Every structure is written in C-alpha cells, then in structure tokens.
Amino acid sequence: MTAQAVLDEFSAAGALLEGHFILSSGLRSPVFLQKMLVFQDPVRTARLARALAAAIRAQFGAVDLVVSPAVGGIIPGYETARALGCRAVFVEREDGVFQLRRGFRIAPGERVVMVEDIVTTGLSSRECLAAIRAHPARLLGAACIIDRSNGTADVGAPLVSLCKIDIPAYPADALPPELAAIPAVKPGSRGLA
C-alpha cells in the first residue's frame with residue numbers, strides 16, 4: 001500500500017481534518033488525523049492492518065506478539081496481529097505509566113512488535129516500548145500506520161510505517177498567524193483517559 005493510498009483511506013473516511021488542533025503531544029497543527037473515523041470501518045481497518053503486517057514481516061520477520069498503547073493503538077494493533085497470525089495485547093496507564101494489566105503477559109523470548117496508530121513526537125511509542133522492555137521478550141521494533149513526523153520522531157526502536165508525511169506542528173506560543181486566528185480544538189484522547 002502506498003503512502004497516498006493510506007491518505008486516501010483517511011480522506012474517504014472523513015478523517016483528514018483541517019482547522020486548529022491541539023495534539024495529544026500538546027503541539028498545535030492545522031491538520032488532524034481522526035483515526036477513529038477510519039477504525040470504525042472494519043473493512044478499511046483490515047486493509048490497512050494487512051498492509052502494515054506485510055511491512056512488519058518484511059522488516060522484522062516472524063512476530064509472536066503485538067503490543068499497543070491504549071486507547072488509539074488497540075484497534076490497529078489487534079487487526080495487525082490478526083493479519084500476522086499472532087496474539088495482541090495492550091498497555092494502559094496506571095498512575096501515569098503504561099503497564100500490562102487485565103491478566104496480559106509477555107512470555108520470555110517472545111518476538112514482540114509495538115504497533116501504534118499515528119506517531120507525531122514518539123512519546124506514546126517510547127512509553128509503550130519502555131513497558132515492553134520491562135519484560136524478558138525480544139523486542140523487534142515498532143510500527144505505525146502514519147508517521148506524521150516524516151521519519152524524524154525518535155521512538156526508541158526501529159520504526160516501520162505505511163505513510164511518512166510532514167504535517168506541521170507548532171508549540172502553542174509559536175503559532176503562525178493564520179493558525180492563531182482559528183479557535184483551537186482538542187479532538188484526541190490523551191488527558192481524557
């Protein structure tokens with residue numbers, strides 16, 4: 001699947017939004033990718049997950065377990081694991097730190113890939129990878145559907161993405177005038193959970 005085909009999936013789902021958005025990182029952007037509008041469609045999600053699974057296999061080989069950060073990574077992580085033919089679990093925040101809960105476990109030596117939805121700064125990915133590294137697994141790397149940092153975010157492991165794109169993001173005190181003139185909205189989930 002090409003990067004343009006990934007963006008076409010987001011556009012077709014009405015998930016490529018323009019305005020003034022506060023991202024989960026705290027940065028501001030004129031573009032927001034409302035991935036849940038994509039993930040509400042099982043057929044569209046499966047198509048993206050199959051493509052991501054193929055990219056993961058090509059980069060990392062066989063995978064035993066996909067670990068994703070809650071909330072945004074759960075659906076793409078699960079569907080990618082289905083396409084890889086392996087288990088899927090997720091980490092969630094407890095006292096502000098990602099941890100395995102709900103009886104999930106990572107077995108010693110399991111070949112693990114972290115699957116994320118969208119990477120901007122890489123913070124959630126780094127936090128999820130730290131939770132994985134607390135277990136005696138074999139961490140192969142990370143993967144995401146869209147890398148909106150265009151490959152500049154350091155997630156702390158090799159990162160595979162279906163689409164690398166450079167979407168501008170600004171600190172709140174350094175907005176371009178055209179963005180500052182639009183009221184900001186926070187459509188993401190960090191801070192809500």
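1. Let me start with phenylalanine 104, which is partly exposed at a relative accessible area of 27%. Here buried means under 20% relative accessible area, exposed over 50%, and partly exposed in between (1.4 Å probe, protein chains only). Please keep in mind that this is a predicted model, in which local features need pLDDT of at least 70, side-chain atom pairs count only at pLDDT 80 or more, and totals for chains, interfaces and linings use all residues. Residues are numbered from 1 along each chain as its sequence is written, and side-chain values use heavy atoms, with hydrogens and water left out.

2. Next, the aromatic pairs, of which the count comes to 2 (rings of Phe, Tyr and Trp, the last by its six-membered ring, with centres within 6.5 Å; planes under 30 degrees apart are stacked, over 60 edge-to-face, the rest tilted). Phenylalanine 21 and phenylalanine 32 make a tilted pair, 5.6 Å from centre to centre with 35 degrees between the planes. Since phenylalanine 21 is in strand β1 and phenylalanine 32 in strand β2 (residues 28–33), this pair ties together parts that are 11 residues apart in sequence. Strands (E, at least two residues) and helices (H or I, at least four) are DSSP runs numbered from the N terminus. Both rings belong to buried residues, with phenylalanine 21 at 6% relative accessibility and phenylalanine 32 at 8%.

3. The rings of phenylalanine 90 and phenylalanine 104 have centres 5.1 Å apart and planes at 75 degrees, so this pair is edge-to-face. Phenylalanine 90 sits in strand β4 (residues 87–94) and phenylalanine 104 in the loop between β5 (97–100) and β6 (111–119), so the pair ties together parts 14 residues apart in sequence. Phenylalanine 90 counts as buried, at 16% relative accessibility.

4. Histidine 20 deserves a look too: this residue of strand β1 (residues 16–22) is buried at 4% relative accessibility. Its side chain joins that of arginine 28 in a polar contact of 3.2 Å, and also reaches the backbone oxygen of isoleucine 182 at 2.7 Å. A polar contact is a pair of N or O atoms within 3.5 Å; within protein, one must be able to donate a hydrogen and the other to accept it, and residues adjacent in sequence count only if both atoms are side-chain atoms.

5. Glutamate 116, in strand β6, is another buried residue, at 5% relative accessibility. A polar contact of 3.4 Å joins its side chain to that of serine 125. Beyond its neighbours within four places in sequence, glutamate 116 is in contact (heavy atoms within 4.5 Å) with residues including Pro69, Gly73 and Cys144.

6. On to the salt bridges (a side-chain nitrogen of Lys or Arg within 4 Å of a carboxyl oxygen of Asp or Glu), which number 11. Arginine 93 and glutamate 127 meet in one at 2.8 Å, N to O. That pair links distant parts of the chain, with arginine 93 in strand β4 and glutamate 127 in helix α5 (residues 123–133), 34 residues apart. Arginine 93 is partly exposed at 33% relative accessibility, and glutamate 127 is partly exposed at 25%.

7. Which residues are linked with Arg44 in a network of salt bridges? They are Glu9, Asp41 and Arg47. Within this group, the closest N and O atoms of arginine 44 and aspartate 41 are 3.8 Å apart. Arginine 44 is buried at 12% relative accessibility, whereas aspartate 41 is partly exposed at 26%.
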